[in-house]
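Please look over the sequence and the structure shown below. The report that follows takes up a strand residue and its surroundings, then charged pairs, and then nonpolar cores.

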Amino acid sequence: IPPNKTIMGLSFGFLETQANTEIVADLSIATVVTIGSGASGSSGGIQNIGINRSSGTVPSGSIGLLINGLRYVSVENVQLYNHETAIKCSSSLGTKLTHVLTTKITKTHLWFADNVQADCFNVICGRDGGGDVECDQYIRVSGSDCDTLRFTNCQFNLSGADAIDAARAIFIDTYTSANGILAFTDCHFERVGVGSSDGAGDNCIIYQASTTEFARMSFNQCTFGTDVSSVFFDSGVPSAFLKEFVLVNSPFVVPSLTLTGATYIAVTGNHFNDDVIIDDCKGTYVGNTHKGDLTLQGTMVGLTCAANEIDGTFTDNSDGSKSVYGNVDSTAATQQTMPSRFEKTALRVIVPDIANATYSTSITLPAADGTTHVIVATDGVAFAINAPTNPTTGQIIHIRIANTSGGALGAITWNA
C-alpha cells in the first residue's frame with residue numbers, strides 16, 4: 001500500500017473463512033501486506049479486510065502485515081491468519097490498531113520494532129475456542145525508542161480447548177530506551193506458559209533479554225486466567241531494567257511477583273495467588289491480598305507497605321527508609337513497624353478537654369480521658385498522684401487541683 005493511501009474492504013469475519021473481503025497469500029510469500037516504504041512522514045491504513053495465508057506449514061520469517069516507517073497509520077477491522085508474525089510495526093509513530101484479530105500465529109502476534117508509538121484498542125490475540133497454534137509470545141518489543149505502547153480492552157488468549165499456550169505474554173528483546181512506556185488497561189491474559197517449555201524466558205508474563213532500561217510498565221484493572229504462568233517476571237526486575245512499575249486493581253490468579261532494585265512501585269488492590277518479594281524498592285504496596293507469602297528484603301529507599309492480607313507468612317527482613325504497618329498474616333499478628341524517620345515524631349491524639357478525677361489518697365489519671373484533669377480536694381489529708389495510664393508518645397496533660405476543704409491542702413506526693 002503506497003504512502004498516504006488506505007485500502008478498504010467490506011468486512012472481515014471471526015474465522016478466516018468468514019471474511020467478505022480477504023487477501024489470501026501463497027505460502028511462499030514472505031510479507032503479505034506492507035504499508036509504507038520505510039520513508040518517514042507519510043500516513044496510510046487498511047480497513048475491513050482479512051489478511052490470510054494458504055493452509056500448510058507457516059514459513060519461517062513470514063509476516064501478515066508490515067507497517068514500515070509511517071506516521072498515524074490506522075489498522076481497523078482486520079483479521080490475520082496463518083503467519084509467523086501477524087503484525088510488525090517498524091519505525092512508525094502514532095499507529096492505531098482497532099478491532100484486530102490474530103489467529104494461528106506461530107511466533108509473535110504483535111511485534112513493535114524501533115521508534116514506535118502505538119495504541120491498540122479491542123485487539124484479540126488468539127481464538128479461544130479451538131483450531132489455534134502455540135506461539136512464542138503475544139507481544140514483542142525490540143530495537144530502541146519505542147516510547148509509548150498502550151493496550152486498552154485487549155484479550156490475549158489462545159485456545160483453551162486445545163490446551164495450547166504462549167511461552168510468555170510479552171518479550172522485551174534487545175531493547176534500549178530511557179522513555180519506554182508499556183501500559184495495559186482493562187486487558188485479559190490467559191494461556192501463558194502453562195505447557196510450554198521451549199527455552200529461556202518461558203512460563204512468565206514478561207521476559208527481558210538484553211534490555212538495559214525501560215521507563216514505565218503499568219497494568220490497570222487487568223485480569224489473569226487460571227492458566228497463566230507461575231511467575232510475572234522471568235527473573236525478577238533488575239534495577240537497570242525498570243524504573244517504574246504500576247499494578248492497580250488487577251487480580252492475579254497464579255503469577256508470583258518479584259520486584260528488585262531501586263524501582264518505584266505503585267501496587268494497590270490486587271490479589272496474588274503465589275508469593276511476592278519486594279527487594280530494594282521505593283513507592284507504595286498497599287491493600288493487596290495474598291494466598292502465598294509476602295517478603296520484604298534489602299534496603300528500602302522510601303517504601304510504604306500497609307494494610308495487606310497474607311494467607312501465608314509476612315516477613316520483613318528489610319532496612320532503610322520504610323513505613324510498614326497494618327499487614328496481617330496467617331499468624332493473625334498485625335505488623336505495626338513504623339519507619340525510622342518517624343520514630344521520634346510526637347503523635348497527636350484528639351481527646352476530651354476536661355476530665356474530672358475522683359479524689360482519694362491515691363489518684364491515678366487515665367491519660368486518654370482528657371487534656372486537663374481536675375482534682376477537687378475536700379479535706380486536708382495527704383494524697384499521691386500516680387503515673388497516668390495509657391498515655392501516647394508525646395502526649396501532654398495538665399493537672400488542676402482545687403482545695404475546697406476550708407483549710408490547708410494536704411501534702412502531695414508525685415510519681416517520679
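## Contacts, charged pairs and cores

Q155 has its place in strand β12 (residues 155-156), where helices (H or I, at least four residues) and strands (E, at least two) are DSSP runs numbered from the N terminus. The model is a predicted one, in which local features need pLDDT of at least 70 and side-chain atom pairs count only at pLDDT 80 or more, whereas totals for chains, interfaces and linings use all residues. Residues are numbered from 1 along each chain as its sequence is written, and side-chain values use heavy atoms, with hydrogens and water left out.

At a relative accessibility of 28%, Q155 counts as partly exposed; buried means under 20% relative accessible area, exposed over 50%, and partly exposed in between (1.4 Å probe, protein chains only). Once neighbours within four places in sequence are set aside, Q155 is in contact (heavy atoms within 4.5 Å) with V123, I124, C125, D128 and H188. The C-alpha atoms of Q155 and G126 are 8.1 Å apart in space, while the two residues are 29 apart in sequence.

T95, found in strand β7 (residues 95-113), is buried, with a relative accessible area of 1%. Apart from residues up to four places away in sequence, T95 touches I67, V73, C89, Q117, A118 and D119.

A salt bridge is a side-chain nitrogen of Lys or Arg within 4 Å of a carboxyl oxygen of Asp or Glu, and the count by this rule comes to five. Among them are the following pairs.

| Pair | Closest N to O distance |
|---|---|
| D119 and R150 | 2.7 Å |
| E244 and R216 | 3.0 Å |
| K322 and D316 | 2.9 Å |

In the pair with K322, which is buried at 11% relative accessible area, D316 is partly exposed at 25%. Salt bridges that share partners join K96, D119 and R150 into one network. Within that network, D119 is buried, with a relative accessible area of 13%, whereas R150 is partly exposed at 42%.

A nonpolar core is a set of buried Ala, Val, Leu, Ile, Met, Phe, Trp, Tyr and Cys residues joined through side-chain atoms within 4.5 Å. The largest such core has 77 residues, and those with the most contacts inside it are F112, F151, F184, F219, F245 and I278. Strand β6 (residues 73-90) gives the most to this core, with seven residues. A second, separate core of seven residues includes I363, L365, I375 and I385.
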